[in-house]
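Colleague: I am new to this one. Can we go through the terms and see what earns each of them?

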Amino acid sequence: MKYNFESFKQKLGQLNLSMTESMEEQFSDFYELLIEWNQKMNLTAITDFDEAADKHFLDSAALGHFIQLKAGDSLIDIGTGAGFPGIPIKILFPKLRIVLADSLNKRVRFLEEVIYKLKLDGISAIHTRAEELARNQEHREQYDICVSRAVANLSSLSEYCIPFVKKGGKFISYKSCGIEEEIQNSKKAIHLMGGKLSDVIEFQLPGTEYMRSFIIIDKEHTTPDKFPRKPGIPAKEPLY
């Protein structure tokens, strides 16, 4: 089926981003797989194409406007769910090396199908909990960038995500606006993980009413071996 990407391309342009015809085909295939698999498992409540293009694709891609994503950089997406933000980022920045991590095996099978159908290279999906993967030396402090669009408080997310980031790298959390208290409550966790809050970027997604923010955390020091704590504890007992 042919979808109208003109509005999406215009909004990408306002973020100084662009896509090729082949990228448009990949987004089209991704959307169709999302709708197909959504009928048998819960991937998203957003099924209208234009709404998905704004709230999933554009929102995911917006990172590329604010952060320099260089060819060869490594990025891990923790709690990726249906592949957001990792898949749209990979489509638009195909030379990034990306790992998608999620704790639900059904979602990982969906992501593997997406990777196969879209013919994406240099990207893999892993079924795992963040607390366990972060103790694997192949992944611990190995990434230039860690991103998460997961629905969790920033303190817990910092414990999940910062251990994956190499010194000099960044953890970037996708959030809504107006979360000053959540940011304040996360400072202890960020510090304990070896991070430093660098910036809070609030913006409006072009052509929409959606207000979003990126919480930028720089990795300054090695994460102590005792972090992250055992699976489940960062969510139950955030480091406030």
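Modeller: Start with contact: it means heavy atoms within 4.5 Å. By that rule, Leu-154, Ser-155 and Ser-158 in H8 meet Glu-182, Ile-183, Asn-185, Ser-186, Ala-189 and Ile-190 in H9. By class, this contact has four nonpolar, four polar and one charged residues. Keep in mind that the model is predicted.

Colleague: What makes H8 roughly parallel to H9?

Modeller: The axes of H8 (residues 154-161) and H9 (residues 180-192) cross at roughly 30°. Angles under 35 degrees count as roughly parallel, so H8 is roughly parallel to H9. The two axes come within 7 Å. The crossing is right-handed.

Colleague: Which helix does H1 cross, and at what angle?

Modeller: H1 (residues 6-14) crosses H3 at roughly 30°, with the axes coming within 11 Å. The limit is again 35 degrees, so H1 is roughly parallel to H3. This crossing is right-handed. Phe-8, Lys-11 and Leu-12 of H1 make the contact with Ala-53, Asp-54, Phe-57, Leu-58 and Ala-61 of H3. Those residues divide into six nonpolar, no polar and two charged.

Colleague: Why is the link between Lys-55 and Glu-51 called a salt bridge?

Modeller: The cut-off is 4 Å from a side-chain nitrogen of Lys or Arg to a carboxyl oxygen of Asp or Glu. Lys-55 and Glu-51 meet at 2.8 Å, N to O. That pair therefore passes. In helix H3 (residues 49-61), Lys-55 and Glu-51 are four residues apart, which means a separation of about one helical turn. The structure holds 16 salt bridges.

Colleague: Now the sheet. What makes S3 and S6 edge strands?

Modeller: Seven strands form an open sheet, ordered S3-S2-S1-S4-S5-S7-S6, with mixed pairing. S3 (123-127) and S6 (195-204) each pair on one side only, and that makes them the edges. From one strand to the next, the twist averages 20°.

Colleague: How do you know that S5 and S7 pair?

Modeller: Pairing needs at least two bridges. S5 (residues 165-176) and S7 (residues 211-219) have seven, in the antiparallel sense. Therefore they count as paired. For one, Ser-173 has Ile-215 in S7 as its bridge partner.

Colleague: Where do H8 and H9 lie on the strands?

Modeller: H8 lies across S1 (74-78), S4 (143-148), S5 and S7, at about 150° to S5. Angles over 145 degrees count as roughly antiparallel, so H8 is roughly antiparallel to S5. H9 lies across S5, S6 and S7, at about 155° to S6. By the same cut-off, H9 is therefore roughly antiparallel to S6.

Conventions:
Residues are numbered from 1 along each chain as its sequence is written. This is a predicted model: local features need pLDDT of at least 70, side-chain atom pairs count only at pLDDT 80 or more; totals for chains, interfaces and linings use all residues. Side-chain values use heavy atoms; hydrogens and water are left out. Axes are lines fitted to C-alpha atoms, for helices over the stretch in contact, and angles run from 0 to 180 degrees between N-to-C directions. Helices (H or I, at least four residues) and strands (E, at least two) are DSSP runs, numbered from the N terminus. Angles under 35 degrees count as roughly parallel, over 145 as roughly antiparallel, 65 to 115 as roughly perpendicular and the rest as oblique. A crossing is left-handed if the near helix is turned anticlockwise from the far one by less than a right angle, and right-handed if clockwise. Ala, Val, Leu, Ile, Met, Phe, Trp, Tyr, Cys and Pro count as nonpolar, Asp, Glu, Lys and Arg as charged, and the others, Gly among them, as polar.
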